[in-house]
Amino acid sequence: MKETIAFTPRKEVPMKRFILLLLCALMLALPAQAEFAGHPLLLDRDAGPCRSLTGSVRAAAVFVDVPGAPWTEADMTAALALLDANAAVLQREAAAAGVQLKITFERLHASADALPDMNDSRLWAIETMEDSNGSPMCDGDGSYCAYCTEGRPILFLLNTGGRCFALDSDDPFWEEYCVLYMPGTSGSTVRHELLHLYGAMDYYQNAACEQAAEALYPDSIMLRTRGESTVDSLTAYIIGWADAPDAAAVDFLRRTSEVTGEAMAAARDADDLRFGLRLRIDVEEDRAAAVAALRGVRLSGRAARAHLVAVGAGT
């Protein structure tokens, strides 16, 4: 009689399965990343001092007094509450993406003689930080300040009306900061500008980007700032919440593959022109003042490196 030997399949080692899945994920991710190398929406990913919005982030909240618009203790308390509330929103979204994030704010106080010019805010920022009781910003002498070495974002808070903007950089000697005009500023605007410091790009200025966002990310905070706006998957990839773009992000990048830095710059200039018109600048009556004002909002702080190169600016 033939003996029958029962065969028991060997159980797969969980670690081996994990490694195989990881390798498969990397193999799928690398082609997508290579395909979109140089895409203007990705130029500021993992660049500059503020590389990824993960882990422990200690931001500087600098309350800036300007003539006619000083901060009161009550106003500062309310502003900090708004910052904390929206930091909590980002933390919850990060947690849902499997990312640990804790944002805290160091409160500083400073004075400035005037409001910042969006087209030339660097000197204003340096002088304002020197006036605060915090660490000075980098002065280009080859030394790094804490805001660069620690990747700490700076939020300049003004107690008057104006257009919020952000400036990020891929230069290690250029701190990344945003300017927030707090009266009337929504929490989603605070999140929107903070995300810019980590490389996130606007979707609403370029027509192709706007169309792709309307189709794929209608609730993206980079498309419109509303209470229910959220961090979309492409922005999540850009700010370090994902190691590779997901299917929706790949679709978005392919739909906008023909977009150039020059096109984004033109779209931004058009948006700034509309903003200037909303300020009711009378071009015919005072052309010089109008041109100066429009230049003041030309680099509105969205900080796409492609845009800075395209217009030959160095803000």
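Two strands count as paired if DSSP finds at least two bridges between them, and in this predicted model strand S1 (residues 55-65) meets that rule with strand S2 (residues 101-111), to which 11 bridges join it. Arg58 stands opposite Thr104 in S2. The points below follow S1 and its partners, and then turn to the aromatic rings.

**Strand S1 and its partners**

- S1 and S2 run parallel, and the chain passes from S1 through helix H2 (residues 73-96) to S2 in a β-α-β crossover that is right-handed.
- S1 also pairs in the parallel sense with strand S3 (residues 154-158), over five bridges, and Ala61 stands opposite Leu155 in S3.
- Eight of the 11 residues of S1 are buried, so the strand is largely enclosed by the rest of the structure.

**Aromatic pairs**

- The model holds six aromatic pairs, among them Phe156 and Tyr177, which meet edge-to-face at 5.6 Å centre to centre with 75° between the planes.
- Because Phe156 lies in strand S3 and Tyr177 in strand S5 (residues 177-181), this pair ties together parts that are 21 residues apart in sequence.
- Phe156 is buried at 0% relative accessibility, Tyr177 is buried at 1%, and both belong with Trp124 to one aromatic cluster.
- The rings of Tyr203 and Tyr217 have planes at 20° and centres 6.4 Å apart, so this pair is stacked; Tyr203 is buried at 1% relative accessibility, and Tyr217 is buried with a relative accessible area of 7%.

**Charges over rings**

- The charged end of Arg45 sits over the ring of Tyr237, 3.9 Å from its centre, while that of Arg107 sits over the ring of Phe63, 5.9 Å from its centre.

Terms used. Residues are numbered from 1 along each chain as its sequence is written. This is a predicted model: local features need pLDDT of at least 70, side-chain atom pairs count only at pLDDT 80 or more; totals for chains, interfaces and linings use all residues. Side-chain values use heavy atoms; hydrogens and water are left out. Buried means under 20% relative accessible area, exposed over 50%, partly exposed in between (1.4 Å probe, protein chains only). Helices (H or I, at least four residues) and strands (E, at least two) are DSSP runs, numbered from the N terminus. A crossover is right-handed if, with the strands pointing away from the viewer, the path from the first strand over the helix to the second runs clockwise. Rings of Phe, Tyr and Trp (its six-membered ring) pair if their centres lie within 6.5 Å; planes under 30 degrees apart count as stacked, over 60 as edge-to-face and the rest as tilted. A charge sits over a ring if NZ of Lys or CZ of Arg is within 6 Å of the ring centre and within 35 degrees of the ring normal.
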